[in-house]
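Thank you all for coming; please have the sequence and the model open on your screens while I talk. I will go through a handful of places, one after another, and I will try to say for each of them what we can read from the atoms.

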Amino acid sequence: MKNDKLIAALRVQNIALETIRETFRKRGLIEIMPVILSTASDPLGPDPGSHIIGMPRIEYQGQKLVLTQSMILHKQIMVSSGVENLFTVSPNVRLESPASRDSGIHLFEFSQVDFELARASMEDVFDLVQDTIVATISRVNEDCSKELALWDREIKIPRKFPVYSTDQLLDKYGTDWEKLASQEATDPFWVLNHKREFYDAEDPEKPGSYRNYDLVYPEGFGEALSGGEREWDFERILMRIKRDGLNIDEYKPYLDFARKGFVPSAGAGLGVERLTRFLVGASHIREVQAFGRIPGEMVVI
Ligand code: ASN
């Protein structure tokens with residue numbers, strides 16, 4: 001049963017989480033505990049990159065609840081309730097299509113470091129994330145040389161994270177841009193402007209353009225993080241929820257908070273297992289998860 005490579009990967013993951021918590025604490029972010037059951041969660045769509053086949057729903061005491069797909073709704077509510085700058089390490093359940101089994105980056109249960117900053121812009125998020133990734137790689141290089149040697153992994157400390165738009169990458173690589181651009185890259189890079197969920201802000205000056213972003217790892221490791229500046233105005237949120245054809249009743253408690261006044265914010269979520277996979281250089285994410293949750297495979301325990 002003993003798996004030395006998994007143990008090494010978990011040690012690396014511990015150091016990474018410690019560094020993230022330390023970096024965030026120095027910047028004044030408060031850690032909140034995650035929620036797992038809610039009346040509504042992130043709809044995860046529309047998003048051309050998503051392959052979700054259903055919402056994880058349960059019923060308890062006659063109330064219909066969903067398992068967390070991401071804590072975006074709760075993040076906006078907390079940011080607007082005076083906490084201002086926060087993060088959580090949150091388990092997410094996403095019923096991914098079995099077709100994602102061999103992508104190497106998909107799990108139907110994973111954790112993300114999900115953070116939100118009041119009155120922040122995308123540039124503020126880039127600055128925080130860049131600092132955090134550089135600090136994490138430096139710490140792992142210093143403290144985990146034995147673990148990295150076992151994985152036969154060398155990670156270079158990135159100097160700058162280039163910024164591209166989705167249109168630029170689509171023109172250059174076609175629809176498989178994420179994979180192809182990641183394979184060619186030597187440093188993590190930002191990709192701006194994705195048409196997706198209602199909570200990501202549409203550029204008021206350029207309707208149809210979105211003030212959101214993904215961070216993609218180099219060397220073919222693919223997406224690391226996604227986030228955005230947020231829609232915060234009640235009328236605009238309502239319009240976007242309607243435009244996406246979502247069930248207004250399900251989002252009513254969230255909309256009630258929005259009506260009271262959301263503070264503008266920006267944030268993102270960084271996948272923990274994807275980070276660990278990148279740090280140790282595993283070819284498939286299954287190699288770094290203690291209890292496998294691979295799309296298309298049965299749960300053992
Ligand atoms: N956590 C992401 C965000 O903050 C949302 C997601 O995971 N889909 O935008």
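Is histidine 284 buried or exposed? In this predicted model, histidine 284 counts as buried, because its relative accessibility is 11% and the limit for calling a residue buried is under 20%. If you want to find histidine 284 on your screen, look in the segment after α9, the helix that covers residues 272–280. The side chain of histidine 284 makes a polar contact there, reaching the backbone oxygen of arginine 101 at 2.8 Å.

Let me turn now to the ligand, and to the residues around it. Which residues come closest to the ligand? There are 13 residues surrounding the ligand, and the closest are Lys75, Arg94, Gln112, Asp114 and Arg230. For three of these side chains I can give you a distance to a ligand atom. In the case of aspartate 114, an N or O atom of the side chain is 2.8 Å from a nitrogen atom of the ligand. In the case of arginine 230, the distance is again 2.8 Å, but here the side-chain N or O atom faces an oxygen atom of the ligand. Glutamine 112 also has a side-chain N or O atom beside a ligand oxygen, at 3.1 Å. As for how much of the ligand is hidden, the ligand on its own has 270 Å² of accessible area, and the protein covers 94% of that.

It is also worth asking which elements build this shell around the ligand. β6, β10 and β11, the last of these being residues 265–271, each supply at least two of the shell residues. By character, the shell divides into three nonpolar, five polar and five charged residues.

With that shell in mind, please look at the cavity. How many cavities of 30 Å³ or more does a search of the whole structure find? The search finds one, and the space inside this largest cavity is about 60 Å³. Its lining is made of Ile20, Phe24, Val113, Phe115, Leu128, Val129, Thr132, Ile133, Leu225 and Leu270. Of these lining residues, nine are nonpolar, one is polar and none is charged. At least two lining residues come from each of α1, which spans residues 4–26, β6 and α3, and α3 gives the largest share, with four residues.

The next stop is the backbone, where two residues have a positive phi although neither of them is a glycine. One is arginine 119, with a phi of about 55°, and you will find arginine 119 in the loop between β6, residues 109–118, and α3, residues 122–143. Arginine 119 is classed as exposed because its relative accessible area is 54%, where exposed means over 50%. Although arginine 119 and glutamate 84 are 35 residues apart along the chain, their C-alpha atoms are separated by 8.4 Å.

The other is glutamate 219, whose phi is about 60° and which sits in the loop between β9, residues 212–217, and β10, residues 222–229. Glutamate 219 has a relative accessibility of 41%, which falls between the limits of 20% and 50%, and so glutamate 219 counts as partly exposed.

Staying with the backbone, there is a cis peptide bond to point out, and this bond joins glycine 45 and proline 46, with an omega of about 0°. Proline 46 belongs to the loop between β2, residues 37–38, and β3, residues 57–60. Another proline, proline 43, is found in the loop between β2 and β3 as well. Proline 43 counts as buried, because its relative accessibility of 16% is under 20%. Proline 43 and leucine 246 are 203 residues apart in sequence, and yet their C-alpha atoms are 8.1 Å apart in space.

My final example is leucine 238, which is part of helix α7, residues 234–243. Leucine 238 is buried, because its relative accessible area of 17% is under the 20% limit. How far apart are the C-alpha atoms of leucine 238 and phenylalanine 291? The two residues are 53 positions apart along the chain, and their C-alpha atoms are separated by 39 Å.

Note on methods:
Residues numbered from 1 in each chain as written. Predicted model: local features only at pLDDT ≥ 70, side-chain atom pairs only at ≥ 80, totals over all residues. Heavy atoms only, no water. Buried < 20%, exposed > 50% of the residue type's maximum accessible area, 1.4 Å probe, protein only. 1 Å grid on protein atoms, 1.4 Å probe; cavity = no way out; pocket = protein on both sides within 12 Å on 5 of 7 lines; lining within 4 Å. Points joined across faces, edges and corners; volume = space filled by probe spheres on them. Nonpolar A, V, L, I, M, F, W, Y, C, P; charged D, E, K, R; others polar. Near = heavy atom within 4 Å. Polar contact = N/O pair within 3.5 Å; in protein donor to acceptor, adjacent residues only side chain to side chain. Areas by Shrake-Rupley, 256 points an atom, 1.4 Å probe, with all protein chains shown as cover.
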